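Let's take a walk through this model together, one layer at a time. Have the sequence and the coordinates open as you read.

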Amino acid sequence: MERFNNKTALITGGSSGIGLAAAQAFINEGARVIVTGRDEAGLEQARKALGDRAQAWRNETGSVAEARALASRLLAEGTSLDAVFINAGIGRFAPLADMSEALWDESFNTNVKGAYFLIQALLPVLNPGTSIVLNGSINAHIGMPNSSVYAASKAALISLAKTLSAELLPRGVRVNVVSPGPVVTPLYGKLGMDEAARQELATQIPLGRFGKPEEIASTVLHLSAPESAFIVGTEIIADGGMSQL
Ligand SMILES: NC(=O)c1ccc[n+]([C@@H]2O[C@H](COP(=O)([O-])OP(=O)(O)OC[C@H]3O[C@@H](n4cnc5c(N)ncnc54)[C@H](OP(=O)(O)O)[C@@H]3O)[C@@H](O)[C@H]2O)c1
């Protein structure tokens, strides 16, 4: 089944982890994709892995100027979008007593401001019927110690999906959130979490294991395809039961 023939998908943070898996899944179903990231080597590696239906563009999520530059490049190349997966995000964990203003700003700039102003900038290039999916997290729903800033930034996305869906529905555009539980990606290395800590985290997942990036990608594709047209302004949680059981 090729649900995205002749469609174009933009995936922010598509050079690694969940974003890269989503890019591959869109391509497998006929789409052309544009992935973004910051690290040139990572982008080049992703472009090679994804093949000639993919472009990999350097773009900094969180900068309004960069969001506008991305939209301008799409306009200049005559590219309009059918699916947008706003996935680029960071996790910065610290207890309340140690959290710094800099970490707060970095988290909210990347995870919230980046999503909001990218959607604003992309308005001229969204085809009617475009589906926007935001990558949230089950941290928005659970009281995990040290996650306050990350969790609040992801909770903001759930609110944005509702209000922006209400505003954009007249244009045929809907916004939803996929909220993953722990998924095997390079993120945990970046957080400095060792194998013992990962195994401890896995014991908190009723399914007894981390998710695979492909398991989140399949939910993203469902939310991006016309088959989910009745799902508007809401969230699908994919977490092995961690926030539910
Ligand atoms: N893995 C999990 O367990 C999990 C669970 C819940 C939610 N999530 C969410 O899933 C999303 C992807 O995470 P992942 O686990 O796949 O992590 P990842 O493997 O570290 O990938 C993150 C991607 O985002 C890009 N990125 C980060 N900050 C960026 C910025 N400021 N500008 C542009 N690109 C940026 C990275 O590119 P560069 O390397 O070039 O910066 C990379 O392509 C995040 O929003 C995360 O919060 C992950």
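What follows starts with the sheet, moves on to the helices and ends at the ligand.

Please keep in mind that this is a predicted model. A good place to begin is the open sheet of 7 strands, which has the order 3-2-1-4-5-6-7 and parallel pairing. At the edges stand strand 3 (54–58) and strand 7, each with a single partner strand, so one side of each is left without a neighbour in the sheet. On average, neighbouring strands of this sheet are turned by 20 degrees against each other, direction ignored. As a general reminder, strands of a sheet pair through backbone hydrogen bonds, either parallel or antiparallel.

Now follow some of the pairings along that order. Strand 1 (residues 8–11) pairs with strand 2 in the parallel sense, over 4 bridges. If you would like a pair of residues to look at there, T8 has R32 in strand 2 as its bridge partner. Strand 2 itself is largely enclosed by the rest of the structure, because 5 of its 6 residues are buried. Further along, strand 4 (residues 81–86) and strand 5 are joined in the parallel sense by 5 bridges. Here A83 finds its bridge partner in S131 of strand 5.

Strand 6 deserves a longer stop. With strand 5 (residues 126–135), strand 6 pairs in the parallel sense over 5 bridges, and N135 has V178 of strand 6 as its bridge partner. Strand 6 is also joined to strand 7 (residues 235–238), to which it runs parallel, by 4 bridges. One residue to look for is P180, whose bridge partner in strand 7 is A238.

How many of the residues of strand 6 are buried? The count is 7 of the 7 residues in the stretch 174–180, so strand 6 is largely enclosed by the rest of the structure. In a regular strand the side chains alternate between the two faces of the sheet. You can trace this in strand 6: R174, N176, V178 and P180 point one way, while V175, V177 and S179 point the other way, and all are buried.

Next come the helices. Two packed helices are described by the angle between their axes and the distance between the axes. For helix 1 and helix 8 (residues 213–224), the axes are 8 Å apart and the packing angle is about 55 degrees. Helix 1 and helix 8 are therefore oblique to each other, and helix 1 passes helix 8 in a right-handed crossing. Another pair is helix 4 (residues 101–122) and helix 5 (residues 148–168), whose axes come within 9 Å and cross at roughly 15 degrees. An angle under 35 degrees counts as roughly parallel, and that makes helix 4 roughly parallel to helix 5. The crossing of helix 4 and helix 5 is right-handed.

Finally, let's turn to the ligand. Which residues come nearest to it? Of the 29 residues around the ligand, they are G13, G17, G37, G89 and T185. By type, the residues of the shell divide into 17 polar, 8 nonpolar and 4 charged. Helix 1 (17–28), strand 2 (32–37) and helix 6 (187–190) each supply at least two residues of this shell. Helix 1 gives the most, with 3 residues. Two of these elements have appeared earlier on the walk: strand 2 as a partner of strand 1 in the sheet, and helix 1 in its packing with helix 8.

Key: Residues are numbered from 1 along each chain as its sequence is written. This is a predicted model: local features need pLDDT of at least 70, side-chain atom pairs count only at pLDDT 80 or more; totals for chains, interfaces and linings use all residues. A residue is near a molecule or strand if its C-beta atom, placed from the backbone, lies within 6 Å of it. Ala, Val, Leu, Ile, Met, Phe, Trp, Tyr, Cys and Pro count as nonpolar, Asp, Glu, Lys and Arg as charged, and the others, Gly among them, as polar. A residue is buried if 20 or more other C-beta atoms lie within 10 Å of its own, exposed if 12 or fewer, and partly exposed in between; C-beta atoms are placed from the backbone. Two strands pair if DSSP finds at least two bridges between them. Axes are lines fitted to C-alpha atoms, for helices over the stretch in contact, and angles run from 0 to 180 degrees between N-to-C directions. Angles under 35 degrees count as roughly parallel, over 145 as roughly antiparallel, 65 to 115 as roughly perpendicular and the rest as oblique. A crossing is left-handed if the near helix is turned anticlockwise from the far one by less than a right angle, and right-handed if clockwise.
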